[in-house]
Amino acid sequence: MEPVENLEDRMCPTHQQPLMLFCSTDEKIVCMMCSVLDHKNHELLSLEEACERRRSSLLQTQAQSQHMVEQRRQKIQEIQSLLELSETEVLRERAAGLQVFTALMQSVQRSMDLFLEELQEKQSRSHRRAQDLLQRLEQEICDLEQSSAEAQRLSRSHDPLHFLQRCPALTPPAGLKEWSSVNFELETCEGSVSRALSELENSLPQEFNKHFKELPSRLELLRVKQSAVEVTLDPDTAHPELILSEDLKQVHHTDVRKNLPDSPLRFDKCLYVLGKQSFSSGRFYFEVQIKRKTNWDVGVAQESINRKGIINLGPKDGVWSIQLRHKHEYIARNDPDVRLSPQRAPQKVGVFVDYGKGLVSFYDADSADLLYSFTDCCFREKLLPYFSPCNRKGGSNSAPLLLTAVETLSGDKVQK
């Protein structure tokens, strides 16, 4: 309400009575006569009550505005952070790529030099052998031509004694080679390129050669690892038979059921536990050691996942996971399930989520093999890491699931 400057402004212009009430229905200051005649069924407040209500509304509006300002500042910070992360990733990818391709180009250059040197040496040997043969042929031609010329001169001689004395000596020069049996063959270059490529593969640096065929997948995993986040287990969600380590990084099953309060967050039938951290945007990655286990589940679940009774697993149920059963059966819990055939038994699984792209991917964190990807997922709420060490099976599956540190391209480790 605007401040009243003089006495006339405090009087009703129609009834000439003091303005003492506020009609919240019409948002108007009125006098007693107005309230009876024109605002009979409206909500009327004293000026003090109206002011208090308006002040409360203004404070609420101010708080809402401040909240919206803060949201926008956070969004600015998020965009700036993502831009900085993108620039950092570009620099790291560039450094890794330059290192790899420089090593490759150096090896290729060395192999090419050896390849050209080998071809030149073959050509030189062929040239030297040809020159030796050509020189000998030229010499024999010269000797034969001299012998022929001497015979021609002798044939014109009219002195019988001289002719008979010289004629026996005019025989072909001694030491002539039988050239019909001589074959000049060039050294073949066939197969030189294949041998050079084979030698190139063998001459590559040992570590580079070891991962040469796996290089694209390793670079992809290095990129994914830049989204590594800190993940800990949430004890409020853990089934009563699950034991969590003090640092909330390990979980294993025990046959003893703890007496815990049955909160809405806790799984009561299935041996599951969720991560404490939730994600509703961006990308995140974490790794789980599953060494020495015969059964396990690893993945992500939406926040509203059912915690009570027997729970179905699959994207329709808000769970994106892979699992191991009976030591050798790897399964992606899709609709329907998909049997997986990893090249080797993974000892550590990496889980990557791109919330915006609707992507959940699972990697063998040691070999960088892609185990499985859920694509075109429709995320509508927060996602949490999801784990199950499964039943200990009398001790054969008693090893824990372990959240491990993720080493990024820069050498930094997430989850110390």
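These legends go with close-up views of a predicted model.

**View A. Val-256 sits in a loop between two strands.** Look for the stretch that links strand 5 (250-253) to strand 6 (273-274), and you will find Val-256 there. Is Val-256 buried or exposed? Its relative accessibility is 56%, and exposed means over 50%, so Val-256 counts as exposed. Leaving out residues up to four places away in sequence, Val-256 touches Pro-240 and Glu-241. You can also find Ile-243, which is 13 residues from Val-256 along the chain; the C-alpha atoms of these two residues are separated by 9.6 Å.

**View B. Ser-321 is a buried residue in strand 9.** This strand covers residues 319-325. Ser-321 has a relative accessible area of 0%, and buried means under 20%, so Ser-321 counts as buried. Which residues is Ser-321 in contact with, leaving aside neighbours within four places in sequence? They are Val-298, Gly-299, Ile-331, Ala-332, Arg-333, Phe-362, Phe-374 and Tyr-386.

**View C. Six strands form an open sheet with antiparallel pairing.** Follow the strands across the sheet in the order 6-15-8-9-10-11. Why do strand 6 and strand 11 (338-340) each have one side without a neighbour in the sheet? Both stand at the edges with a single partner strand each, so one side of each is left without a neighbour there.

**View D. Strand 10 pairs with strand 11 in the antiparallel sense.** Strand 10 covers residues 329-332, and 3 bridges join this pair. Here you meet Ala-332 again, one of the contacts of Ser-321. In this view, Ala-332 stands opposite Val-338 in strand 11.

Notes: Residues are numbered from 1 along each chain as its sequence is written. This is a predicted model: local features need pLDDT of at least 70, side-chain atom pairs count only at pLDDT 80 or more; totals for chains, interfaces and linings use all residues. Side-chain values use heavy atoms; hydrogens and water are left out. Helices (H or I, at least four residues) and strands (E, at least two) are DSSP runs, numbered from the N terminus. Buried means under 20% relative accessible area, exposed over 50%, partly exposed in between (1.4 Å probe, protein chains only). Contact means heavy atoms within 4.5 Å. Two strands pair if DSSP finds at least two bridges between them.
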